[in-house]
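I opened my notebook and pulled up the model. Here is what I looked up, entry by entry.

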Amino acid sequence: MTSSTSTENSRPLKPCIAIFLANLFFFLPFLFGGEAGTIGAGTGDLPIYFKPMREFAALELARGNFPFWNPYSSGGHPFLADPESGLLYPFNYLFVLLSSHLAFSWSYFIHYLIAGYGMFFLCRRLGVSNS
């Protein structure tokens with residue numbers, strides 16, 4: 001009985017390591033690279049809309065100010081009330097600790113890990129087999 005119990009408990013270890021390594025393989029160039037290596041650094045919403053918003057929040061939080069209001073956008077608008085700001089989302093506090101391009105990359109990496117682990121454990125719970 002003890003050998004089958006320990007086998008069942010160690011079974012998720014290999015797939016979890018595989019999920020981590022697959023994510024690491026894809027995201028490694030972005031996790032420690034320069035600004036040119038940012039995921040989605042070309043055009044679109046990331047550099048035009050989200051990057052300035054995250055940088056404003058990080059700068060204000062680093063100064064010790066909670067950004068209720070953004071005076072730099074459209075003559076000023078409520079920042080905390082804007083759901084796009086993501087001010088209360090825990091992973092957005094990476095922008096206080098890291099530069100914006102690294103914070104975006106680490107945020108994506110963590111989100112993909114959570115998604116991969118979540119899918120694995122959901123499939124395991126639903127009884128999906130390898131065959």
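**Entry 1: the pocket**

What volume does the largest pocket have? I read off about 300 Å³ for the largest pocket. I keep in mind that this is a predicted model.

Next I looked up the lining. I found Arg 11, Pro 12, Pro 15, Phe 120, Cys 123, Arg 124, Val 128, Ser 129 and Asn 130 around the largest pocket. Which element gives the most to that lining? It is α5, with three residues. I then sorted the lining by residue type. Five residues are nonpolar, two are polar and two are charged.

**Entry 2: cysteines**

I picked Cys 123 out of the pocket lining. Is Cys 123 buried or exposed? Neither word fits: Cys 123 is partly exposed, at 25% relative accessible area. I checked Cys 16 too. Cys 16 has 16% relative accessibility. Buried means under 20%, so Cys 16 counts as buried.

How many disulfides does a search of the whole structure find? I got zero.

**Entry 3: aromatic pairs**

I turned to the rings. How many aromatic pairs does the structure hold? The count is 15.

I took one pair for a closer look. Phe 20 and Phe 109 have ring centres 6.0 Å apart, and their planes meet at 70°. I noted the pair as edge-to-face. Where do the two residues sit? Phe 20 is in helix α2, residues 13-31, and Phe 109 is in helix α5, residues 100-126. They are 89 residues apart in sequence, so this pair ties together distant stretches of the chain.

I compared how much of each partner can be reached. Phe 20 has 33% relative accessibility and is partly exposed. Phe 109 has a relative accessible area of 4%, and I logged Phe 109 as buried.

My second pair was Phe 26 with Phe 30. Their ring centres lie 6.2 Å apart. The angle between the planes is 50°, so I wrote down "tilted". Both residues belong to helix α2. They are four residues apart, and that puts about one helical turn between them. Phe 26 is exposed at 52% relative accessibility. Phe 30 is partly exposed at 21%.

Which residues do ring pairs link into a cluster? I listed Phe 20, Phe 26, Phe 27, Phe 30, Phe 32, Trp 106, Phe 109 and Tyr 112. Both of my chosen pairs have their residues in that list.

**Entry 4: a salt bridge**

How many salt bridges does a search of the whole structure find? It finds one. The partners are Arg 63 and Glu 60. I read 3.2 Å between their closest N and O atoms.

Then I checked the surface values. Arg 63 is exposed, at 53% relative accessibility. Glu 60 is at 13% and counts as buried. I marked the contrast: the bridge has an exposed Arg 63 and a buried Glu 60.

**Entry 5: a loop residue**

Last, I looked up Phe 91. Where does Phe 91 lie? I found Phe 91 in the loop between β2, residues 77-78, and α4, residues 94-97. At 25% relative accessibility, Phe 91 is partly exposed.

I also checked Phe 91 against His 111. They are 20 residues apart along the chain. Their C-alpha atoms are separated by 9.0 Å.

Conventions: Residues numbered from 1 in each chain as written. Predicted model: local features only at pLDDT ≥ 70, side-chain atom pairs only at ≥ 80, totals over all residues. Heavy atoms only, no water. Phe/Tyr/Trp six-rings, centres within 6.5 Å; stacked < 30°, edge-to-face > 60°. Buried < 20%, exposed > 50% of the residue type's maximum accessible area, 1.4 Å probe, protein only. 1 Å grid on protein atoms, 1.4 Å probe; cavity = no way out; pocket = protein on both sides within 12 Å on 5 of 7 lines; lining within 4 Å. Points joined across faces, edges and corners; volume = space filled by probe spheres on them. Nonpolar A, V, L, I, M, F, W, Y, C, P; charged D, E, K, R; others polar. Disulfide = S-S within 2.5 Å. Salt bridge = Lys/Arg side-chain N within 4 Å of Asp/Glu carboxyl O.
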